[in-house]
Each structure stands twice: as C-alpha cells, then as structure tokens.
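Q: I'm new to this one and would like a close look at a single part of it. Could you walk me through the enclosed space and then show me what sits around it?

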Amino acid sequence: MVDSLTVQIIVTVLAGLGYAVGLTGIIVPVLPGTITIVIATLVWAILIGGWPAWVAFGIVLLLGAAGMTASYVLTGRRLHAAEVPMWPVYVAIAAAVVGFFVIPFLGLPIGFLAGLYVAESLRLKDWRKGLDNTWIALKALGTGILIEFSLAVLSTFTFAIAVIVHFVTA
C-alpha cells in the first residue's frame with residue numbers, strides 16, 4: 001500500500017488511462033481491450049490497497065471474464081449455426097494478421113472479413129452465399145464487441161466508484 005496521497009493520485013490517473021486504452025481497444029482491435037482494464041485494476045489494487053480496491057478488482061475480473069467469454073462464445077455459436085467450418089475462420093484470422101500490417105488501424109477487421117469472404121466463397125463455390133456467411137460473421141462480431149464493451153463500461157463505473165470510496169474514506 002502506498003502512503004503518499006500524491007502517489008495514490010498518480011497511480012489512480014495511470015489506471016484511468018489504462019481504462020481509456022482498454023475501452024478503445026475493445027472497439028479498435030489493434031489495442032488490447034478487456035485484459036488492459038483488468039490489469040490496470042489489479043495494479044491499482046496492489047499499489048493502493050484497501051477493501052474498495054480489491055472489491056473493485058474482483059468485480060472487474062468477473063465482468064471482464066464474462067465480456068470476453070460472451071464475445072467469443074457468441075461469435076463461435078453464430079458461425080457454427082451458419083455451418084461455417086473452422087478452416088475458413090483460420091484463413092480469416094491469417095488474413096487479419098496480414099491486414100494488420102498492410103492497412104494500419106483498420107487492417108485487422110478488414111483482413112478478417114475479406115479472408116472469411118474469400119474462404120467461404122471458395123468453399124461454397126458461390127460468392128453470394130460467401131457474402132451471406134460473412135455478413136453473419138460481421139453481425140456476430142459486432143454483437144460480441146457490443147456486449148464486451150458494455151461490460152467494460154460497467155467495469156469503468158465500478159472502478160470510478162471504488163476510487164471515490166477509497167479517497168473519501170482514506
């Protein structure tokens with residue numbers, strides 16, 4: 001536990017910046033999202049100490065795990081329901097990695113969608129069905145991101161409440 005109020009404020013501001021990076025990272029998949037939020041809260045709890053910090057960390061950890069799990073499970077279920085096998089998804093992931101380096105900032109999602117479209121069009125031998133499956137994947141990814149972002153916003157409120165409680169009771 002850090003004793004100096006100035007250091008506590010600096011640590012809290014840095015954790016808040018971690019939250020800003022994390023929230024941005026959920027929307028823009030170039031930056032780490034939920035993991036950054038959880039790690040920022042953990043570091044804050046370790047350095048600040050006290051029950052508000054550790055309760056906040058526990059809640060943020062649960063919300064983060066729920067958000068990431070819901071995002072991945074929902075996307076996987078939607079793709080499975082559309083009868084998309086795993087190999088087009090692997091092609092899409094590879095294309096996303098290439099896209100990340102070719103087109104800064106938006107290359108990751110563009111590469112993923114383009115890779116999935118090409119793989120599905122070749123697999124089904126029909127560009128229209130490939131486009132339909134890509135649209136299903138896009139909606140599933142969007143829904144997953146929305147759920148993960150919503151739970152990250154709840155984490156942010158939890159952190160803010162813990163900060164207020166900590167500094168009022170300190």
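A: Let's start with the lining of the largest cavity: Thr34, Ile37, Leu63, Gly64, Gly67, Glu148, Leu151, Ala152 and Ser155. Keep in mind that you're looking at a predicted model. The elements that supply two or more of those lining residues are H2, helix H3 (51–81) and helix H6 (127–169). H6 chips in the most, with four residues. Sorted by class, the lining comes out as four nonpolar, four polar and one charged. As for the space itself, it amounts to about 30 Å³, and the structure has one cavity of 30 Å³ or more. If you're wondering how such a space gets found, rolling a probe the size of a water molecule over the atoms shows where empty space is left.

Two of the lining residues, Thr34 and Ile37, are also part of the contact between H2 and H1, so let's follow that thread. Helix H1 (residues 5–27) packs against H2 with the axes 7 Å apart and an angle of about 170 degrees between them. Because angles over 145 degrees count that way, H1 is roughly antiparallel to H2. On the H1 side, the residues that meet H2 are Gln8, Val11, Thr12, Ala15, Gly18, Tyr19, Val21, Gly22, Leu23 and Ile26. Their partners in H2 are Thr34, Thr36, Ile37, Ala40, Thr41, Trp44, Leu47 and Ile48. Taken by class, that contact has 11 nonpolar residues, seven polar ones and no charged ones.

Trp44 is a nice one to zoom in on. This residue belongs to helix H2 (residues 34–48), and Trp44 counts as buried because its relative accessibility is 0%. Setting aside neighbours within four places in sequence, Trp44 touches Val11, Thr12 and Ala15, along with Gly49, Ala53, Phe159, Ala162 and Val163. Take Thr12 from that list: 32 residues separate Thr12 from Trp44 along the chain, yet their C-alpha atoms are 6.6 Å apart.

Now for some other spots to click on. Glu120 is in helix H5 (residues 107–124). With a relative accessible area of 0%, Glu120 is buried too, because anything under 20% gets that label. Not counting residues up to four places away in sequence, Glu120 is in touch with Val84, Pro85, Pro88, Lys125, Gly130 and Asn133.

One of those contacts, Lys125, is worth a visit. You'll find Lys125 in the loop between H5 and H6. Its relative accessible area is 76%, so Lys125 is exposed. The backbone has a quirk here as well: phi of Lys125 is near 55 degrees, a positive value in a residue other than glycine. For background, most residues other than glycine have a negative phi.

Last stop: Ala96, which has its place in helix H4 (residues 86–102). Its relative accessibility is 6%, so Ala96 counts as buried. Beyond its neighbours within four places in sequence, Ala96 is in contact with Gly107, Leu108, Gly111 and Phe112. You can also compare Ala96 with Leu113: they are 17 residues apart in sequence, and the C-alpha to C-alpha distance is 7.8 Å.

Terms used
Residues are numbered from 1 along each chain as its sequence is written. This is a predicted model: local features need pLDDT of at least 70, side-chain atom pairs count only at pLDDT 80 or more; totals for chains, interfaces and linings use all residues. Side-chain values use heavy atoms; hydrogens and water are left out. Buried means under 20% relative accessible area, exposed over 50%, partly exposed in between (1.4 Å probe, protein chains only). Contact means heavy atoms within 4.5 Å. Axes are lines fitted to C-alpha atoms, for helices over the stretch in contact, and angles run from 0 to 180 degrees between N-to-C directions. Angles under 35 degrees count as roughly parallel, over 145 as roughly antiparallel, 65 to 115 as roughly perpendicular and the rest as oblique. Ala, Val, Leu, Ile, Met, Phe, Trp, Tyr, Cys and Pro count as nonpolar, Asp, Glu, Lys and Arg as charged, and the others, Gly among them, as polar. On a 1 Å grid over the protein atoms alone, a cavity is a set of points where a 1.4 Å probe fits but cannot get out, and a pocket is an open set with protein on both sides within 12 Å along at least five of seven lines; lining residues have an atom within 4 Å of a point. Grid points are joined across faces, edges and corners, and a volume is the space filled by probe spheres set on the points.
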